[in-house]
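Reader: I am new to this structure, and I would like to understand how its descriptive terms are earned. Could you take me through them?

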Amino acid sequence: MAYRISELAEQVGLSRTALLYYEKQGLIKGRRRDNGYREYNDNDIQRVRLIQQLQAGGLSLKECKACLTAKIDRRLLQQRLHLLDEEIAQKQQSRQFLAGLLGEHDLKAWHTETDKLAPQAHLEWLKHQGFNEKEALRLKWLSKDMNEHDQYMADFMHVFNGLDRWGPGTDEDTLHALRALPCPPIKLLEIGCGNGTSTKLIAAESNVAITAVDNEQGALDRLQAALVGQPFANQITPVCASMTDLPFEDGTFDTLWAESCAYIMGFNQALTSWRRLLNEGGFMVISDLIWRTDTPAQEAIEFWKGEYPDITTVATRQSQIAAAGYELVSDHPLSDAAWQAYYEPLAERVDALRDSLTNSAALADIEREIAIYRHYLSDFGYHFFIVQKRD
């Protein structure tokens, strides 16, 4: 059957200009009619369609011509196949991301990787999706799933609302850090106070005015209730605020206290952002998760890569402290007893709730963290740093 170039173009979905270029490159060959019009046949259609398939595989027109007129270059095709596999993998990742945004599956891996590469941009993006700062921070560090966040946090808070401690610690560890300060605090800001376990202890041990900040109003309500009738109650002022936007004037406090909470905004960023709140020569007591060994177990590495990718060594934290404008006064590890005081009651709480929280993602994450603690505590731990603001 004979076709004019416009008819061939319609058959193969290409423009007349493209077909003329194919002919110029010797990929097809039209025959002139007596009236001067080009004429093509079914072989030309089949040839063009084969070229289109080769181009879809990543071959250039020159390479397509070589495949059609000579023996196949296997090395060339293997290279194109490798590139095509890479492109497919990238497209699949993009598809999974879009499907995750539509709720077809979770976005935990994406949130984790994005937060590692661009934490502040990630936080701002979450706010644009309708999350307030508190919810965005919780999503970043806890649920890591936009579509299941509400249920995750409901389960998570159901577990922790039955506990006194929301992180590793003991009274002895808090007092150890308090006594490591070169001079007694007078006006102290506690960041991430939670239920106020350390707040009450510090107030009872020293004549200090404490501004206790947390972004969870329920925790502050429990602190306020626990202060009723206490002789140090008037020393403590609870404030509901975000640690990323503390509503206090520069130089307001002589001491900042931050136990096991700086990870939420990043240790280095916390040092930098909170520095303005200290008066000249003021002190900060801050603790953070560190590696206790140069060769941690691979399972522990993989776990903390997802939960706290900023985990590092004491030496790195000491360097960051100096670079942020502080002098290191002293540092010491959190005791193993502090971990037991947190994880053992948590494990008991999980056991008690397992039947009522079947298929809970939050409960599964908590159980995995408990297992990591029980198997690899010698590899990691919290470390206290007592630092002084330099001029």
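**Pocket and cysteines**

Author: The second largest pocket has a volume of about 310 Å³, a volume being the space filled by probe spheres set on grid points that are joined across faces, edges and corners. This is a predicted model, in which local features need pLDDT of at least 70 and side-chain atom pairs count only at pLDDT 80 or more, while totals for chains, interfaces and linings use all residues. Residues are numbered from 1 along each chain as its sequence is written, and side-chain values use heavy atoms, with hydrogens and water left out.

Reader: What makes a residue part of the lining of a pocket?

Author: On a 1 Å grid over the protein atoms alone, a pocket is an open set of points where a 1.4 Å probe fits, with protein on both sides within 12 Å along at least five of seven lines, and lining residues have an atom within 4 Å of a point. Here 19 residues line the second largest pocket, and Asp115, Pro119, Trp141, Met265 and Gly266 lie nearest its centre.

Reader: Why is Cys261 called buried or exposed?

Author: Buried means under 20% relative accessible area, exposed over 50%, and partly exposed in between (1.4 Å probe, protein chains only). Cys261 has 6% relative accessibility and therefore counts as buried, whereas Cys240, at 41%, is partly exposed.

Reader: How do you know how many disulfides there are?

Author: A disulfide is a pair of cysteine sulfur atoms within 2.5 Å, and a search of the whole structure finds zero. The sulfur of Cys240 is 9.4 Å from the closest cysteine sulfur, in Cys193, and so too far for a bond; for Cys261 the closest is also in Cys193, at 9.5 Å, again too far.
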